[in-house]
Amino acid sequence: MIGAIGSPWRATVSAWGDVTSRRVAQGLLATLRDFGILSGSVKKYLTPLYLPVEAFGYVAFVLSQQVGLGERLLKTDQWRLFFLSAELIERSFIEAEMQRLLHYSAAGRVVRVDFPTESIEEYARALAKRTHRPT
C-alpha cells in the first residue's frame, strides 16, 4: 500500500496487482521515452543530456572540491546525474581542455586535471565573461 490510510498522500486503498504494476511501469517508460530521457527500441538506455562545455567545466570544478582531482574526479558517481558514460565524461574533459576551461591530461590510469582559478567565484566569473562576450 502506498501512503498510510488517512494520509493526504494516500494513492491507493490496497496493494497493486501485477497487471496494475505492469501498466504503471509501461506508462513510466513511455513517459521517459517521450521526454527523450530513455532511448532504444528493444534494449533501453538513458540518453545523455546535452551539457554545454561551460556548464561541464563549472560542475567539474565543484566536484573537484568535493571528491578531489585526477581519476577520482573522472570516476565519481555524481556524473550519473547527467547520464554521462565514462566515454562522454572523458570527451567532455577533452573538449573543456580545448576550450581552455581547464587543463586535462591522461596517460593510462594517471589523470591530471587543473583549473585556471583557485576559487569557485573566480571560475564562475571567468566562465561568465567567456559566455557573454560581445559578437
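**Note on the predicted model**

At 25% relative accessibility, Asp114 counts as partly exposed, and the side chain of Asp114 meets that of Arg112 in a salt bridge, with 2.6 Å from N to O. The points below take up the rest of the structure.

1. Confidence. This is a predicted model, and the chain averages a pLDDT of 83, with 87% of the residues scoring at least 70. Among the elements of the chain, the highest mean pLDDT, 92, belongs to α2, and the lowest, 74, to strand β2 (residues 45–46).

2. Overall layout. The chain has five helices and four strands, which run α-β-β-α-α-α-β-β-α from the N terminus on. Of the contacts in the chain with a separation of 6 or more, 46% are accounted for by residues 24 or more positions apart. Buried residues make up 26% of the 135 residues, while the accessible surface comes to about 10,000 Å², of which 57% belongs to carbon and sulfur atoms.

3. Two helices and what follows them. Helix α1 (residues 18–34) has 17 residues, which at 1.5 Å a residue should span 24 Å, and this agrees with its end C-alpha atoms, which are 24 Å apart. For α2, the 15 residues should span 21 Å at the 1.5 Å rate, and the 20 Å between its end C-alpha atoms agrees with this. Each is followed by a glycine with a positive phi: Gly36 comes after α1, with a phi near 75 degrees, and Gly68 stands just after α2, with a phi of about 100 degrees.

4. The nonpolar core. Which residues of the largest nonpolar core touch the most other members? Of its 23 residues, they are Phe56, Leu74, Trp79, Phe93, Tyr104, Val113 and Phe115. The elements that give two or more residues to this core are α2 (53–67), α3, α4 (86–98), β4 and α5 (120–131), and the largest share, six residues, comes from α2. In soluble globular proteins, nonpolar side chains tend to be buried together. The buried residues of α2 include Val53, Phe56, Val59, Ala60, Phe61 and Leu63, and also Gly57 and Ser64.

5. The surroundings of Trp79. If its neighbours within four places in sequence are left aside, Trp79 is in contact with Phe56, Val59, Ala60, Leu63, Leu73, Leu74, Leu84, Ile89 and Phe93. Among these partners, Phe56, Val59, Ala60 and Leu63 are buried residues of α2.

6. The other salt bridge. The count comes to two salt bridges, and besides the pair described at the start there is one between the side chains of Glu71 and Arg109, at 3.6 Å from N to O. Because Glu71 lies in helix α3 (residues 71–75) and Arg109 in the loop between β3 (103–107) and β4 (110–114), the pair ties together parts that are 38 residues apart in sequence. Is each partner buried or exposed? Glu71, at 27% relative accessibility, counts as partly exposed, whereas Arg109, at 66%, counts as exposed.

7. Positive phi outside glycine. Most residues other than glycine have a negative phi, and two residues of this chain deserve a careful look in that light. Phe83, in the loop between α3 and α4, has a positive phi of about 55 degrees although it is not a glycine, and with a relative accessible area of 25% Phe83 is partly exposed. Arg100, whose place is in the loop between α4 and β3, likewise has a positive phi, of about 60 degrees, and Arg100 is exposed, with a relative accessible area of 73%.

Notes
Residues are numbered from 1 along each chain as its sequence is written. This is a predicted model: local features need pLDDT of at least 70, side-chain atom pairs count only at pLDDT 80 or more; totals for chains, interfaces and linings use all residues. Side-chain values use heavy atoms; hydrogens and water are left out. A salt bridge is a side-chain nitrogen of Lys or Arg within 4 Å of a carboxyl oxygen of Asp or Glu. Buried means under 20% relative accessible area, exposed over 50%, partly exposed in between (1.4 Å probe, protein chains only). A nonpolar core is a set of buried Ala, Val, Leu, Ile, Met, Phe, Trp, Tyr and Cys residues joined through side-chain atoms within 4.5 Å. Contact means heavy atoms within 4.5 Å. The expected span of a helix is 1.5 Å times one less than its number of residues. pLDDT is the predictor's confidence in each residue, from 0 to 100. Accessible areas come from the Shrake-Rupley method with a 1.4 Å probe; for residues, only the protein chains shown count as cover.
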